[in-house]
Amino acid sequence: MVIWLFAGGGPPEYSGLVKLLQKEFPEYHFERQLPQLAHKPIGKPNRAVPIVRSTTGSDLLRAISERLSFLFTRKSLEERLLKDSLCDAILVIDDLDCRRWQGLVCNDIESPGFHQIQNNYIQQVTRSLIQAKEPLDERMKNRLDEVQFNPKIIVGFASPEIESWIIADWGNCQHRDFPQHQWIRMKQWLRDVAQLDFDNPELYGGFNPETGVCQVKLSEQIVEASTQAQISQEAQQPSRYNKARHSSELLENISGQKVQRICPIFRAMYQSLQSLGK
């Protein structure tokens, strides 16, 4: 089963997320469509270093529409039909970032706001898929009918950010860059100073009405926790948390089974993926 993955955000999503999903669902093949990697132009320093085109919210939905239009150009579609690599499902994952939907909270899975924003994403992706197929000639449309191309669309969210999944499995996914004492002190600081509930990280962050997103970013709090642990253990030179590298690598090692017990929003996505194989 082929699943096209469209993820918002940046570095953690383009590396660790794919590896996490592939580990949890080895019977599926996850093909990342977004975020895409760009490269610096020839002649520029470090041109081989990938640049992540990070998108979220309405920008992500717009990028999905553009990417689907490309995937359904005649040349691209013919190649995929030849290789039998069209998708069976489309998976969209985006950060909620404490957003509101028409004034309603979205980070509580029981809230009407969550279901409304999820349905909105599904409707927009469905519309984009229909629009991407419209320019095809009748022959290509018939070929899609012959192969019964009708992918299921799954929309999942990381609340408030994908780092909440790391928090949910904090005790089992320690990174090699962090000594045990630092990892413990980081948790203590996050719990006592940042007031993070490790048993319910999806509700963290508050809401800033001026920006429309979180008052406090979870990923930035983890970085600060690592800095505070350094202050406590200066002589041993502990590491400073780097979202681009550490979040991505930690995602590879977390247990989806553990995370879904702690994070209801993650669990909804996880169970939707499980149901594909039934």
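**Two serines and helix α3**

The backbone oxygen of Asp177 lies 2.7 Å from a polar atom of the side chain of Ser239, a polar contact being a pair of N or O atoms within 3.5 Å in which, within protein, one must be able to donate a hydrogen and the other to accept it, while residues adjacent in sequence count only if both atoms are side-chain atoms. This is a predicted model, in which local features need pLDDT of at least 70 and side-chain atom pairs count only at pLDDT 80 or more, whereas totals for chains, interfaces and linings use all residues. Residues are numbered from 1 along each chain as its sequence is written, and side-chain values use heavy atoms, with hydrogens and water left out.

**Ser239**
- Ser239 is found in the loop between α9 (218-232) and α10 (243-253), helices being DSSP runs of H or I with at least four residues and strands runs of E with at least two, numbered from the N terminus.
- Although 61 residues separate Ser239 and Phe178 in sequence, their C-alpha atoms are 5.9 Å apart.

**Ser164**
- Ser164, part of helix α7 (residues 163-168), counts as buried because its relative accessibility is 0%, where buried means under 20% relative accessible area, exposed over 50% and partly exposed in between (1.4 Å probe, protein chains only).
- A polar atom of the Ser164 side chain lies 3.0 Å from the backbone oxygen of Glu161.

**Helix α3**
- The buried residues of α3 are Gly57, Leu60, Leu61, Ala63, Ile64, Arg67, Leu68 and Leu71.
- They cover an arc of only 160 degrees around the axis, which puts them on the same side of α3, the arc being that of the directions from the helix axis to the C-beta atoms.
- Ser58 and Glu66 are exposed on the other side of α3.
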